[in-house]
Amino acid sequence: MTKSIVVLGTQWGDEGKGKIVDLLARDMDAVVRFQGGHNAGHTLVIDGHKTVLHLIPSGILNQDAQCLIGNGVVVSLEALKAETESLESKGVNVRSRLGISPACPIIMPYHELLDHAREKAKGDKAIGTTGRGIGPAYEDKVSRRGIRFSDLYNPGLLAEKLEETLDFHNFVLEKYFDMQGLVFDRVLDDALQLGACFSDLVTDVSGELHRLRSEGKRILYEGAQGSLLDIDHGTYPFVTSSNTTIGAVCTGAGVGPDAIDYVLGITKAYTTRVGSGPFPTELFDDIGAGIAKRGDEFGATTGRPRRCGWLDAVALRRAAHTNGLSGFCVTKLDVLDGVETIKVGVAYRLNGELIDVPPQNPEAWDHLEAVYESFPGWQDSTRGITQYDDLPANAKAYIAAMESLCGAPVHMISTGPDRKENIILKHPLD
Ligand code: IMP
């Protein structure tokens with residue numbers, strides 16, 4: 001019987017993971033974040049009320065689910081405080097259900113300054129980061145000079161570590177970027193004060209997951225961003241700084257591969273991307289503008305307009321394979337209602353040659369030309385449909401084409417933003 005589900009984005013993020021996690025969380029005992037940070041923006045709509053979560057697992061709206069933040073997540077204390085307060089002001093009990101690994105790297109104020117300074121210095125070569133300090137925080141983790149969640153509760157050790165790391169970052173801020181450095185006492189006091197708000201949340205996440213599994217509990221692992229933003233498998237260097245693909249579940253939560261029974265890959269019925277970087281199936285015409293408008297394609301974290309394009313089956317096939325997907329959930333099918341002809345990128349042309357896998361050197365991404373297959377659209381509305389048989393024939397044919405082109409069966413279809421607007425062909429827990 002399926003006990004543990006992973007939900008992953010298979011494109012460049014913003015696939016609608018939050019809604020699906022929230023939907024599945026109703027049947028879960030625990031929901032776990034394992035990578036990324038508050039660069040994520042998971043939008044949930046329940047009975048018309050919208051909630052956007054950035055750091056706290058999307059299972060928090062299920063009042064019975066335990067929510068865990070694993071060691072792979074970089075934690076901003078300000079974001080954690082703001083999100084906790086906002087949820088609690090809406091009557092959601094966060095503190096009694098949230099646990100955070102002591103090994104989580106902390107996003108410190110200098111990380112955000114460095115993120116902005118670097119992006120500015122890169123000019124038109126900027127990555128288009130969310131500006132949340134995510135990259136610099138992961139760099140500190142890997143360079144072994146990072147501050148961890150547990151350090152907040154050992155003031156002597158925190159001061160010692162901060163002295164060394166702030167000295168390094170102030171040097172870079174002042175001498176390389178010609179900016180003002182940060183004052184040690186202020187940074188230390190703020191970290192201690194903010195940390196004090198969360199001392200009761202420190203949890204051995206790996207140990208807790210082991211305990212939950214031994215009791216036969218159901219666990220959902222909630223991915224952030226998407227496969228094409230993965231630091232190793234994505235469109236490097238236009239990627240985020242964590243692994244967004246399946247392996248991150250094990251390393252970022254502290255579980256073995258046997259803890260995973262089912263992997264759900266979320267894809268929009270088309271493609272979007274925020275920030276810079278290659279996007280072979282991008283649309284620059286009225287069709288793209290129409291999709292952006294109907295799909296309300298603005299970033300949930302930064303409010304930036306999302307670039308829109310056709311589905312990219314080459315990239316999705318790779319995501320299905322890299323993540324070992326059990327099934328796809330196709331979101332925002334209703335946004336394609338009324339589009340006369342729908343295209344899907346099925347291969348790329350690179351220097352005159354046809355390829356059906358992503359190129360292996362990152363520079364080649366800029367020179368890809370998408371090769372399309374066309375499908376007739378549908379004129380009827382699919383908004384809110386919950387039964388597969390009620391879909392227009394051409395929408396069914398499009399879903400069938402996605403299945404055969406993208407390397408995994410379609411198990412769920414989302415037909416609107418609300419928790420209730422879904423077609424479930426195979427429930428991941430069945
Ligand atoms: P960072 O994660 O803020 O460093 O940004 C690196 C790249 O990942 C940028 O292109 C961002 O726009 C993108 N990115 C990060 N988080 C998300 C997300 O949740 N959705 C979509 N794109 C994201």
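This passage describes helix packing, a sheet and several loop residues in a predicted model.

Two packed helices are described by the angle between their axes and the distance between the axes. Helix α3, spanning residues 109–122, and helix α4, spanning residues 134–142, have axes that come within 7 Å and cross at roughly 120°. Angles of 65 to 115 degrees count as roughly perpendicular and those over 145 as roughly antiparallel, and α3 and α4 are therefore oblique to each other. The crossing in which α3 passes α4 is right-handed. On the α3 side, the contact is made by Y110, H111, L114, D115 and R118, and on the α4 side by I134, P136, A137, E139 and D140. By character, the residues of this contact of α3 with α4 comprise five nonpolar, one polar and four charged.

Within α4, the buried residues are I134, G135, P136, A137, Y138 and D140. The elements covering these buried residues of α4 include strand β8 (106–107), helix α3 and helix α5 (155–176).

Helix α3 also packs with α5, at an angle of about 20° and with the axes 11 Å apart. Since angles under 35 degrees count as roughly parallel, α3 and α5 are therefore described as roughly parallel to each other. Their crossing is left-handed. In this contact, Y110, H111, L113 and L114 of α3 meet L162, T165, L166, H169, V172 and L173 of α5. The residues of the contact of α3 with α5 divide into seven nonpolar and three polar, with no charged residue. Y110, H111 and L114 of α3 thus appear both in the contact with α4 and in the contact with α5.

The model further contains an open sheet of nine strands with mixed pairing, arranged in the order β7-β5-β2-β9-β1-β10-β14-β18-β19. The edges are occupied by β7 (98–100) and β19 (422–424), each of which has a single partner strand, so that one side of each is left without a neighbour in the sheet. From one strand to the next, the twist averages 20°. At the β7 edge, strand β5 (residues 66–69) runs parallel to β7 and is joined to it by three bridges, and C67 stands opposite L98 in β7.

Among the loop residues, T203 lies between α6 (184–196) and α7 (205–214). With a relative accessibility of 18%, T203 counts as buried, because buried means under 20% relative accessible area. Apart from neighbours within four places in sequence, T203 is in contact with L68, G99, I100, S101, P102 and E208.

Most residues other than glycine have a negative phi, and most peptide bonds are trans. Against this background, D14, which is not a glycine, has a positive phi of about 60°. D14 is located in the loop between β1 (4–9) and α1 (17–25), and at 21% relative accessibility it counts as partly exposed. R144, likewise a residue other than glycine, has a positive phi near 65°; this residue follows α4 and lies in the loop between α4 and α5. R144 is exposed, with a relative accessible area of 78%. As for the peptide bonds, the one from Y236 to P237 is cis, with omega near 5°, and P237 lies in the loop between β9 (219–222) and α8 (247–253).

How values were computed:
Residues numbered from 1 in each chain as written. Predicted model: local features only at pLDDT ≥ 70, side-chain atom pairs only at ≥ 80, totals over all residues. Heavy atoms only, no water. Axes fitted to C-alpha atoms, helices over the stretch in contact; angles between N-to-C directions. Helix = DSSP H or I, 4+ residues; strand = E, 2+ residues; numbered from the N terminus. Left-handed = near helix turned anticlockwise from the far one by under 90°. Contact = heavy atoms within 4.5 Å. Nonpolar A, V, L, I, M, F, W, Y, C, P; charged D, E, K, R; others polar. Buried < 20%, exposed > 50% of the residue type's maximum accessible area, 1.4 Å probe, protein only. Pairing = 2+ DSSP bridges.
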